[in-house]
Amino acid sequence: MTAIAARPRLRVGIVKMASCDGCQLTLLDLEDELLALGDRFDILEFPEASSLRSSGPFDVLLVEGSISTPEQAAEIIELRTKARTLVTIGACASYGGIQALRNWSDHDVFRAAVYAHPEYIESLSTATPVSDHVKVDAELHGCPISPDQLRELLVSVAVGRRPQIREEAVCLECKRRGTVCVMVAQGIPCLGPVTQGGCGALCPTYGRGCYGCFGPREQANTGSLSRTFAATGRGDLGVSRLFAGFTGWAPPFREVIDERGGPPGMTPVAAGEGGGDGRH
Amino acid sequence: MGATDGILTGAPAGEREFNVPYVTRVEGEGSLVLRVRDGEVTEARLKIFEAPRYFERLVVGRTGDEVIDIVARICGICPIAYQMTAVHAFEDAYQVEVPPVIRALRRLLYCGETIQSHALHVYLLHAPDYLGYPSALAMAQDHRAVVEQGLALKKVGNQLISVLGGRPVHPISVRIGGFSRVPWRRDLDAVRAALDDAVAWSQATVRLVASWDPPALEHPQPLVALHHPAEYPYNDGRIVSSDGIDLAPGDWGDAFEEQHVEGTNALHARTHDGKVYLLGPTARVTLDADQLHPLAAEALEATGLRDAIRTNIHRSIVARSVELLHACAEARDLIDGYRSPREPRVPFTPRAGVAAWSTEAPRGLLHHRYEVDDQGCVTHARIVPPTSQNQGAIEADLAAFAPSVLDLPDHEAVHRLEMLIRAYDPCISCATHFLDLRIVDDGAEERI
């Protein structure tokens, strides 16, 4: 313990791009450990929680949110130069988030649908993960991230070891938890077989199918699962909508969505103006 | 106002400009520009540079149950408010009657969100202003017990949400017709025990924050909140105002609209006759005082601040703490009266039409309106978050308050202005998909 205590306090920053703030909130939700974290880390930049500001350098920088504006695209490159270790937190920063579903559509259509004066909206034509822009040293997944995984990450950087985050499908968490398979027993479509664990198989335990918020697990066989879903007669759009969620832009899920003609609401049904390839 | 030239060319003689390039300790990214000429405020503008995420368009083509999951992501701090507003909107359109026990569970879930959101704001975001610290972590060096009490309260709210919805941020159980799963009574035992403490802590919270002296401000604004004769407003009630508005929860558009305001391109919500109005704890404890839990009503009475809350937004911390106590006390009562229903939800059939509703988010009235086709898929959506409705009131308060800080040194004046904005507990992440951005006119000197 003394060896750990003698270490200099790590300089930490927490910043956000396009996001809901929920992953940052997960840090504040570590209620039992928060004050101890404040003793162990020098939290230099965390504008959601502190008026003290810093432009770095940081030993660890946690980045929430996807890159959606020209300012963010420039800012993340600048931040990367100031961060020894850059960690993305959550589905937006790691996969683009729910807002990445607009990547299938004409950006102008989106702007015009929401804003009276779309010409004043300065945003990129896509919302993309941080790793499309800079090197990322580690990713925490989930929408929102898991408090246990966040705790493990912080402890590991504090003691200077690699974080130990299990790589396995949600299915294994269901088995371990003793949850009866919702797909087998009730015929509810579930992304558990192709989705990374970390949530503790929350949705199946609560009587729903997994909606993939932790993103695809390694070597996810999404083709096979999507054909299984299609075999139940739900049609291309019915299959696509299952994958077109908070991590739909992750390549294994994206491929299914592309094969099935794009996410719901994104493509003109009959006119076929550009189909699902409107992205840049 | 026509002040754009002034912004671009710098402040002329006799004019003073205060910039807060990044308002901290709020949810999301915003900035403030305040321009003063000869002691008169000529412009007070809360600007939003949070990136747009286009939620109204993202939900097009999705079913009601998908919408519930998607709109939660508008805000990590108040996802339940978004889920609740959407679920009620669709149930109203589909003429689904949920049993009283499901209705009670939804109130319980909303209590959980109110507890965690209000504890977060009162203790971690707002209290540092009163006690003179840049953050709750810094404040904990000298006031550890205060911060620990706030964290303990916040934890109770999160426990409650987790039991009902699986996790504190973006819970997963709310479905049209009920829940995907409802708890057994024994699942609630641990949080029931914690709520006894939480009631006592929140009573102490009201006394503590009432003892703090706020900056002076005498500026009552028109108030808007839901009102229900039998309960403090969360999921249900009519939209009422201090000026006599009285509407069904789906009929927000009958009295209010989104407008362009001269000199900015931000869309603000106004009444049809152009008035700004104030939402949130201040509005609710004033318009719904008779529906407060007896413990909360008693605590509010003991502060002697009922009228002061009405006229000085800095006192919102007292109103928020009274609501924190209300939510803890009501959650305890709801659990005591709870018996698990046989079925977690009732069946429903989608039908084409308009699905519209309003609920009381921690920050105030939240309105959703969806147009739905006969497959149950959304064809058009409008979401009006509380912060975009409060923006006009924030700017009006800034203009009323600013003259009192003009004699202070710049950094102190700016701190006071920022403190006033924080008193609103603004949620800029919520507001952004709605508010127009002014990047075009966002001159370099304003960005700093």
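**Backbone geometry, a small sheet and the chain A–chain B contact**

In β7(B), the residue that bridges to Ala225(B) is Val240(B). I begin with that pair, and I should state at once that the model under discussion is a predicted one.

The neighbouring position gives a second pair: Leu226(B) is placed opposite Ile239(B) of β7(B). Both pairs belong to the contact between β6(B) and β7, residues 238-241 of chain B, where four bridges join the strands in the antiparallel sense. How are the two faces of strand β6 of chain B placed, covered or open? They are covered: on one side Val224(B) and Leu226(B) are buried, and on the other side Ala225(B) and His227(B) are buried too.

Widening the view, the sheet in chain B is open and has three strands, ordered β6-β7-β8, with antiparallel pairing. β6 and β8 (246-247) of chain B each have a single partner strand, so each of these edge strands has one side without a neighbour in the sheet. Taken together, β6(B) is at an edge of the sheet, while its residues Val224(B), Ala225(B), Leu226(B) and His227(B) are all buried.

I turn next to a helix of chain B. α4(B) contains 15 residues, and the distance from its first C-alpha to its last is 22 Å, close to the expected 21 Å at 1.5 Å a residue. Why can α4(B) be called largely enclosed by the rest of the structure? The reason is that 14 of its 15 residues are buried. After α4(B) comes Gln95(B), with a positive phi near 55 degrees. Gln95(B) belongs to the loop that links α4 (79-93) to α5 (100-131) in chain B. With 10 other C-beta atoms within 10 Å, Gln95(B) is exposed.

Chain A also has a residue with positive phi. Asp21(A), which is not a glycine, has a phi of about 80 degrees. The loop that holds Asp21(A) runs between β1 (10-16) and α2 (22-28) of chain A. Is Asp21(A) buried or exposed? Asp21(A) is buried, since 26 other C-beta atoms lie within 10 Å, whereas Gln95(B) is exposed.

Two peptide bonds of chain A also deserve mention. The bond between Gly56(A) and Pro57(A) is cis, with omega at about 5 degrees. Pro57(A) sits in the loop from β2 (41-45) to β3 (58-64) of chain A. A cis bond also leads from Cys143(A) to Pro144(A), where omega is near 5 degrees. For Pro144(A), the location is the loop between β5 (138-140) and α7 (147-159) of chain A.

Finally, I come to the interface. How many residues of chain A are in contact with chain B? There are 50 residues of chain A in contact with 53 residues of chain B. On the side of chain A that touches chain B, at least two residues each are supplied by α2, α3 (34-40), α6 (107-114) and α10 (202-205). The largest share of that side, five residues, is from α2(A). By residue class, the side of chain A that touches chain B has 29 nonpolar, 13 polar and eight charged residues.

Terms used: Residues numbered from 1 in each chain as written. Chains lettered and ligands numbered in written order. Predicted model: local features only at pLDDT ≥ 70, side-chain atom pairs only at ≥ 80, totals over all residues. Buried ≥ 20, exposed ≤ 12 C-beta atoms within 10 Å, placed from the backbone. Expected span 1.5 Å × (residues − 1). Pairing = 2+ DSSP bridges. Contact = placed C-beta atoms within 7 Å. Nonpolar A, V, L, I, M, F, W, Y, C, P; charged D, E, K, R; others polar.
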